[in-house]
2 protein chains.
Amino acid sequence: MFTLAEENYLKNIYHLEHEFQGEVSTNAIAERMETKPSSVTDMVQKLAEKEMLSYKKYKGTLLTPSGRKKAANVIRKHRLWEVFLVEKLKFQWDEVHDIAEQLEHIQSDKLITRLDKFLDSPDFDPHGDPIPDKHGNVKSTEKRLLSEMEKNGRGVCVGVKETTKEFLQYLDKRKISIGTKLKVLGKEFFDGSMVIQVGNDQFFISKKIAENLYIQTN
Amino acid sequence: MFTLAEENYLKNIYHLEHEFQGEVSTNAIAERMETKPSSVTDMVQKLAEKEMLSYKKYKGTLLTPSGRKKAANVIRKHRLWEVFLVEKLKFQWDEVHDIAEQLEHIQSDKLITRLDKFLDSPDFDPHGDPIPDKHGNVKSTEKRLLSEMEKNGRGVCVGVKETTKEFLQYLDKRKISIGTKLKVLGKEFFDGSMVIQVGNDQFFISKKIAENLYIQTN
DNA sequence: ACTTTTTTTTAGACTTGACTAAAAATTAAA
DNA sequence: TTTAATTTTTAGTCAAGTCTAAAAAAAAGT
Ligand SMILES: [Mn+2]
Ligand SMILES: [Mn+2]
Ligand SMILES: [Mn+2]
Ligand SMILES: [Mn+2]
């Protein structure tokens with residue numbers, strides 16, 4: 001069995017491993033979890049003893065296969081609950097994360113199996129993130145940041161990188177959500193800003209916005 | 001804010017207060033919560049400082065109005081989640097309690113408001129227990145134990161006292177659930193056993209069974 | 001290569017919520 | 001009303017998970 005704290009460490013290390021494409025440093029974990037490096041060292045050593053991750057002093061950590069599976073399962077639960085909150089309880093997509101942070105720790109395999117069925121086994125959460133299957137496997141789709149697209153490129157929004165309330169509410173205001181088709185009308189070399197078309201509207205967006213929107217171009 | 005441990009104490013003290021119709025002793029809390037009396041003393045003193053209950057050394061405790069409200073809210077959440085699990089996720093009534101024990105601690109007023117609506121604001125949980133409203137008020141219905149009924153009495157099952165898996169599965173086997181009409185065909189003075197009619201079946205039940213079924217007789 | 005800075009770990013302390021063992025208060029029995 | 005049994009509280013310990021401060025290792029700068 002795993003404590004709530006252990007599950008949160010595993011989940012965050014999982015995400016950081018993907019971001020860094022390799023070992024995760026103590027400081028990186030501390031910063032992500034808003035805790036102190038000394039606390040991280042303690043927990044990382046404990047999780048290493050449980051063989052959830054491999055750790056050598058001063059060298060950073062990597063999840064073991066069982067650690068990765070455990071982490072993926074927490075993420076699976078988080079994202080399934082987010083779907084539930086949006087699809088069934090009619091929450092907005094910027095409201096669900098904090099509640100899912102709590103719900104992801106509920107322990108019951110049967111509950112998750114039933115919830116998954118109840119939701120028609122969704123593949124993606126409300127932010128476009130893929131939901132790992134029960135074995136911890138994630139089907140990766142080829143997507144790119146809007147900021148990497150060129151003038152006249154077309155695509156459909158399939159996810160967001162940032163998931164802060166502020167960003168999501170900005171997107172709502174601009175009527176951009178998962179599945180929205182858009183086209184790059186112009187791109188400014190100097191600052192990376194763009195003019196894009198969404199439905200019949202066309203408007204300016206900053207580089208920061210473009211760097212946080214995932215687009216699929218088929 | 002309240003910790004998970006504090007919420008569990010408040011909830012159990014609430015139930016014990018009803019059972020005892022008055023002050024709850026340290027030992028009673030300890031036994032109910034499967035912990036030691038010394039641990040209870042510690043927590044009770046802490047909750048008294050938070051003004052959730054009134055406590056005088058050696059005299060037992062009583063919830064304050066805010067303690068009672070807090071406890072009722074935890075119970076409201078527990079029972080709403082039980083309804084969700086049975087009605088939406090198709091769990092059996094004997095499977096839901098342990099999961100609800102976890103879900104009852106999820107913190108989000110909006111979640112509970114939405115869940116309540118999603119479930120059509122149910123008044124009773126799958127075991128026939130009333131769901132407190134958001135202010136902590138419980139509408140009490142006049143119900144009695146089947147064991148208190150006399151020969152030829154008729155009524156409808158509105159709740160169970162015991163909620164162990166074993167008991168609930170026994171009731172399933174006998175096709176007794178909330179809403180089931182039944183009639184007392186015979187009652188043995190010596191041991192309190194009965195013969196009852198349920199639908200077209202008639203069968204023997206022990207006193208122990210009769211003492212754990214709530215009946216409403218109109 | 002040596003010094004400085006940064007990162008990481010260790011050592012020691014704190015809080016929560018549990019425990020055991022012993023003391024104190026209450027209740028029951030004689 | 002003493003004594004005995006029971007209940008309750010206190011005192012001291014422990015594990016989990018956090019923190020600060022200091023030591024040690026690694027990385028960067030000169
Ligand atoms: Mn989320
Ligand atoms: Mn998400
Ligand atoms: Mn229950
Ligand atoms: Mn119930």
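How far does a backbone N or O atom of B:Lys36 lie from a phosphate oxygen of DNA strand C? In this predicted model, the separation is 3.1 Å. That contact is a handy place to enter the structure, and the rest of the surface around DNA strand C can be built up from there.

Two further residues, both in chain A, reach phosphate oxygens of DNA strand C through polar side-chain atoms: A:Thr41 at 2.9 Å and A:Lys57 at 2.5 Å. The elements of chain A that give two or more residues to the surface near this strand are helix H2 (26-33) and H3, and those of chain B are helix H1 (4-20) and H3. With 5 residues, H3(B) gives the most to the surface near DNA strand C. Altogether, 21 residues lie around DNA strand C, and those that come nearest are A:Tyr55, A:Lys57, B:Thr3, B:Thr35 and B:Lys46. A:Lys57 thus appears both in this nearest group and in a side-chain approach to a phosphate oxygen. Sorted by class, the surface near DNA strand C holds 7 nonpolar, 10 polar and 4 charged residues. Seen from the side of the DNA, 79% of the atoms of strand C within 4 Å of the protein belong to sugar or phosphate, while the rest belong to bases.

Attention now turns to the other strand. DNA strand D is surrounded by 21 residues, of which A:Thr3, A:Thr35, A:Lys46, B:Tyr55 and B:Lys57 are the closest. Here too, phosphate oxygens are approached by individual residues. In the side chain of A:Ser39, an N or O atom is 2.8 Å from a phosphate oxygen of DNA strand D, and for the side chain of A:Tyr9 the corresponding value is 3.4 Å. Chain B takes part through its backbone, with a polar backbone atom of B:Tyr58 placed 3.0 Å from a phosphate oxygen of the strand. Helix H1 (4-20) and helix H3 (37-49) of chain A, together with helix H2 (26-33) and helix H3 (37-49) of chain B, are the elements that give two or more residues to the surface near DNA strand D. The most comes from H3(A), which gives 5 residues. The classes of residue on this surface are 7 nonpolar, 10 polar and 4 charged. Of the strand D atoms within 4 Å of the protein, 76% are part of sugar or phosphate, and bases account for the rest.

Besides meeting the DNA, the two protein chains meet each other. Contacts join 20 residues of chain B to 20 residues of chain A. About 1700 Å² is buried between the two chains, and 69% of this area is on carbon and sulfur atoms. Three residues, B:Leu89, B:Gln102 and B:Arg114, supply 29% of the area that chain B buries against chain A, more than any other three residues.

Polar and charged pairs also span the interface of chains A and B. There are 8 residue pairs in polar contact across it. Helix H4 (65-88), helix H5 (97-103) and helix H6 (109-118) of chain B each supply at least two residues of the side of chain B that touches chain A. Of these residues, H6(B) provides the largest share, namely 5. The side of chain B that touches chain A is made up of 11 nonpolar, 4 polar and 5 charged residues.

Side chains of opposite charge can pair when their charged atoms come close. The interface has 2 salt bridges, and the whole structure has 24 over all chains. One crossing pair links A:Glu95, in the loop between helix H4 (65-88) and helix H5 (97-103) of chain A, to B:Lys110 in helix H6 of chain B. The side chains of A:Glu95 and B:Lys110 form a salt bridge with an N to O distance of 2.6 Å.

Finally, chain A itself can be viewed in parts. Its two domains are domain 1 (4-63) and domain 2 (144-216). Taken over C-alpha atoms, the centres of these two domains of chain A are 33 Å apart.

Technical notes: Residues numbered from 1 in each chain as written. Chains lettered and ligands numbered in written order. Predicted model: local features only at pLDDT ≥ 70, side-chain atom pairs only at ≥ 80, totals over all residues. Heavy atoms only, no water. Contact = heavy atoms within 4.5 Å. Buried area = accessible area lost by both parts, 1.4 Å probe. Salt bridge = Lys/Arg side-chain N within 4 Å of Asp/Glu carboxyl O. Polar contact = N/O pair within 3.5 Å; in protein donor to acceptor, adjacent residues only side chain to side chain. Helix = DSSP H or I, 4+ residues; strand = E, 2+ residues; numbered from the N terminus. Nonpolar A, V, L, I, M, F, W, Y, C, P; charged D, E, K, R; others polar. Near = heavy atom within 4 Å. Domains from an automatic or database assignment.
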